[in-house]
Amino acid sequence: MHSALDTSVPRQSILLKLLSINWGLLLLLSAIACIGFAMLYSAANGHWDPWASKQAVRFGISIVVMMAVATVDLRFWLRSAYAIYAGTLLLLIAVEVKGAIGMGAQRWIDLGVIQLQPSELMKIACVLVLARYFSTLTPDEIKRPLRLIPPALMVFLPAGLVMKQPDLGTAMMLTLAGGAMFFLAGVRWWKFVVLLAAGGGIVPVAWRFLRDYQKNRIYTFLDPENDPLGAGYHSLQSKIAIGSGGMFGKGFMNGSQAHLNFLPEKQTDFIFTMLAEEWGLMGGLVLLGLYTLIFIYGFAIAFRSRSHFGRLLALGITVNMFLYVFINTAMVMGLIPVVGVPLPLISYGGTAMLTVMFGFGLMMCVYVHRDTRLGRGGDE
Amino acid sequence: MANNDKTRSKLLTRRAALLGGGQLLLLGTLAGRLYYLQVIQADRYAMQADENRINIRLLAPPRGRIVDRFGVPLAENRPTYRAVLVAEQAGDLQSTLDAVATLVPLSDNDRRRVLRDIRNKLSFVPVALRENLSWEEMARIEVNTLELPGVSIERALIRSYPFGETSAHLVGYVAAVSEKDLSGDDPLLELPDFRIGKSGVEKSYDLNLRGTAGTSQVEVNAFGRVVRELAREDGMPGQEMVLTLDMALQAYAAKRCAAEQSAAAVVLDSWTGDVLAMASMPAYDPSAFAAGLTGAQWKALIENPLNPLTDKAISGSYPPGSTFKPIVALAALDAGVITPDTHIFCPGHYELGDAKFHCWKHDGHGSMVLRDGLKHSCDVFFFETARRTGIDRIAAMAKRFGLGAPIGIDIPGERSGLIPTTGWKKATTGIAWQQGETLSAGIGQSYVLTTPLQLATMVARLATGHEIVPRLVREDGVMTQDGGTDRIEAPSLNIAAKDLKLVLEGMYAVVNEQGGTAYAARVMDPAMAMGGKSGSAQVRHITEAERDRGLPKALQVPWKDRDHALFIAFAPVTNPRYVCACVVEHGGASGGGGSAVAAPICRDILLEAQKRDPVHRVPDQPYGSATLASG
């Protein structure tokens with residue numbers, strides 16, 4: 001029971017804030033990014049071009065972005081959460097409309113330096129806005145179903161849009177991350193059960209909205225050996241690559257599946273496959289271990305934070321990163337259908353790198369401002 | 001408020017713990033899946049990865065050569081060159097094609113085909129620009145490869161037959177594998193450019209000549225592009241087949257036969273059964289078959305009335321005519337129905353019931369014994385002899401000399417000929433044997449049919465008294481410099497030596513005594529003198545009415561209706577070794593009989609054979625090539 005007077009710590013200088021970032025987390029992120037550079041170097045048969053060098057530059061820019069995000073006052077993010085969400089949603093609608101008008105299947109906005117995919121940004125924006133929304137609710141308010149309608153819309157609106165694109169992976173991530181936020185906010189168990197039941201009812205309807213190739217992917221997932229040269233090819237070749245890597249792998253740049261092009265998209269969604277082929281079970285477990293360490297950091301940062309918004313945000317970002325890693329690796333291992341979700345910090349791609357580092361910037365921000373106390377609505 | 005914060009905080013901690021636990025569980029699932037894929041199923045996936053990347057390619061072994069007894073190649077592998085283009089390395093296709101066209105002729109058709117092939121194939125697959133480049137064309141392209149990106153020369157082996165049609169039927173030819181050849185399980189047959197033997201020695205010894213496939217393990221990528229070779233196992237090259245043939249003699253025989261429109265000659269070494277020459281003319285160019293015949297070429301071959309595709313030496317069935325008489329004589333002596341001194345009178349014809357059988361000499365030969373009958377080839381003498389002996393005893397004797405059944409020469413297409421018996425006629429026609437038919441058979445007409453190879457075998461057995469079997473392949477490899485070959489041990493025919501001697505003396509008289517039918521074809525050098533027997537085989541029955549009008553001159557009769565000219569011979573008479581049988585269809589260009597047309601051919605071939613005999617050969621003269629060049 002503190003008085004309203006000591007709700008805030010004194011404002012820190014930018015330099016002090018920079019020095020107070022979580023160096024361990026930064027080191028972990030850099031280590032994973034370096035593994036990514038090595039894999040992209042291998043994917044290009046031992047060349048920095050065309051992927052590894054670009055990716056390194058992007059990582060460098062992203063670190064600056066992350067630092068900037070981390071040093072901005074946490075209250076700023078609390079206050080701007082709705083605006084950021086609304087802006088991202090508008091961008092998402094914009095590319096959707098552009099696509100519908102017939103400009104082709106472009107799902108990005110060309111910013112010159114990178115091509116920005118709003119759907120990717122939405123993954124973070126959605127977590128941010130939910131953390132903002134739930135941080136202001138009292139446990140009593142959370143029990144009221146009407147209070148759950150706005151956040152549900154915040155999740156299903158963008159999810160529906162990317163589903164239409166069609167981007168099954170992102171829709172899946174948005175829904176699952178949103179669900180996790182609801183769960184963390186303390187929504188009652190039975191409501192999830194009801195939602196799941198309703199969702200089960202929706203599946204046959206949703207199925208009709210899936211494109212043929214998406215349906216094929218699900219069929220193929222259910223029985224990949226059925227059509228080894230057709231739709232099941234990617235999944236099967238990926239499993240062959242991972243399995244043939246064995247305990248210690250075939251050696252750096254020696255993955256026959258990856259280098260002889262049996263592996264599709266080896267520099268993006270299937271990069272974990274290549275890593276598991278060249279570095280074996282050991283390499284795969286080390287990488288999963290590094291990610292696990294990051295998740296542990298995320299939980300630790302959340303629990304160190306004194307603000308409910310900070311905790312929800314840090315946990316939301318952590319769940320989000322976990323979903324990236326899990327969906328991507330489970331997909332390449334043949335545990336779930338093939339969906340387009342990149343492996344954070346490793347897969348080649350500008351937006352994903354920027355989004356992921358923006359997310360870690362927010363997490364870092366929570367860490368830097370761990371002792372900041374926030375009232376409802378961000379006002380002190 | 002504070003209470004609210006506390007409960008909210010506790011709830012969040014609890015929920016976060018649950019979420020974290022759930023995440024750990026899922027991470028554990030991932031680790032377990034990795035372990036399952038990479039440890040438990042590792043072998044299976046490693047195998048599948050290898051199946052993905054490793055392709056086994058067949059390497060065709062070089063086909064074995066076919067050489068004559070002295071090692072002169074009759075079938076060999078000649079390199080051919082073709083220019084190929086790899087589209088992805090070529091840059092601008094049109095300018096590359098233009099550049100190639102300045103070096104070698106490239107028709108508009110070629111260009112269209114190349115562009116079409118490039119469109120239809122993956123960009124790294126070589127597309128043929130021009131096949132069968134000459135050495136000069138190949139060199140022009142090789143020199144300019146720097147200016148021709150993506151263009152390279154591929155070398156392949158093509159079957160070539162240096163002697164062309166001279167040994168065509170014997171050596172045979174190779175051609176592309178056809179549907180019905182695919183029954184075997186040799187994977188080589190599946191290779192697109194593979195050739196297999198289709199006739200002659202190329203066919204009968206195809207498996208020996210073919211060799212066994214080698215394999216090359218190559219690493220390929222997902223598009224089938226070869227990345228590198230991992231392992232190579234060379235196959236076994238085909239075996240070299242050494243024939244008993246003497247190519248110089250073969251070339252000589254072929255030349256003599258070719259001069260007579262349609263003819264065949266077989267030369268055997270009667271001590272060993274070696275086929276020294278076996279010519280059938282006209283013939284065809286086997287290299288054309290290996291390269292692939294055009295429709296017009298094929299049509300010309302099958303429509304030629306002289307049947308160039310048929311090996312007349314083994315597939316031509318001819319009535320032996322008077323060359324059959326030695327067999328009739330031996331059968332009669334063996335049966336005891338005549339003796340060397342039995343006199344038979346020839347008035348120029350022979351009457352049997354109402355039928356009248358004419359001797360070739362209208363005025364008759366007068367009274368003769370067996371030796372004279374052979375020397376003058378008196379038909380009436382052999383009408384009577386055959387009648388006394390009976391067809392079945394003649395047939396039995398003929399069979400001992402290799403007639404009436406395939407000899408078993410090891411090239412395909414041999415015919416069996418025909419030696420009739422009473423049982424055979426009853427069985428095939430249902431009509432009983434007529435005695436008149438025995439008379440005709442006694443002079444090698446009626447149903448009697450023989451192949452030139454059978455006739456040569458018959459002489460070899462006459463000359464030796466042993467059951468000589470012709471052979472085409474030498475088991476001992478190429479002949480050594482001394483060149484000697486010993487007599488082989490063949491089972492005896494068990495014919496009384498004095499009977500054989502008498503018949504051989506008769507055949508000596510045919511050639512070497514005045515009045516003998518082939519006296520004009522005698523050899524002047526006594527050391528190389530030959531004995532022989534002429535024959536003229538009627539192709540068409542001569543009616544009594546025609547005979548009354550007087551027989552027309554041969555050249556007045558259409559070629560198809562003229563008699564075949566035959567001769568069989570052995571030499572030297574002092575110690576017979578080389579034997580020859582020659583059939584000139586319809587008497588050849590001059591339309592002459594056996595003694596006039598076929599006997600000189602036999603004489604010349606036998607002289608050639610004896611000159612090439614190691615005994616007569618000039619020392620230091622290399623085998624093979626010398627005579628070949630002059631012949």
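In this predicted model, chain B carries 68 positive and 71 negative side chains, and the centres of these two sets are separated by 5 Å. The surface on which such groups may be sought is also described by its area: chain B exposes about 28,300 Å², of which carbon and sulfur atoms supply 53%.

Turning to the fold, chain B contains 24 helices and 19 strands. The radius of gyration of chain B is 37 Å, whereas the globule rule gives 25 Å for 631 residues, a value that the chain exceeds well enough that it is more spread out than a compact globule. The extents of the C-alpha trace can be set beside this, since along its principal axes chain B spans about 155 × 55 × 55 Å.

The interior and the contacts of the chain complete this overall view. Of the 631 residues in chain B, 52% are buried, and among the contacts with a separation of 6 or more, 74% are made by residues that stand 24 or more positions apart.

A single residue, B:R53, allows a look at the local detail. B:R53 belongs to helix 2 of chain B, which covers residues 42-53. With a relative accessible area of 17%, B:R53 counts as buried, because the cut-off for that class is under 20%. When its neighbours within four places in sequence are left aside, B:R53 is in contact with A:S256, A:L260 and A:F262 from chain A, and with B:V218, B:E219, B:V220, B:R228 and B:L230 from chain B.

Key. Residues are numbered from 1 along each chain as its sequence is written. Chains are lettered from A and ligands numbered from 1 in the order in which they are written. This is a predicted model: local features need pLDDT of at least 70, side-chain atom pairs count only at pLDDT 80 or more; totals for chains, interfaces and linings use all residues. Side-chain values use heavy atoms; hydrogens and water are left out. Helices (H or I, at least four residues) and strands (E, at least two) are DSSP runs, numbered from the N terminus. The radius of gyration is taken over C-alpha atoms; the globule rule is 2.2 Å times the number of residues to the power 0.38. Buried means under 20% relative accessible area, exposed over 50%, partly exposed in between (1.4 Å probe, protein chains only). Contact means heavy atoms within 4.5 Å. Accessible areas come from the Shrake-Rupley method with a 1.4 Å probe; for residues, only the protein chains shown count as cover. Lys and Arg count as positive and Asp and Glu as negative; His and the chain ends are not counted. The place of a charge is taken as NZ of Lys, CZ of Arg, CG of Asp or CD of Glu.
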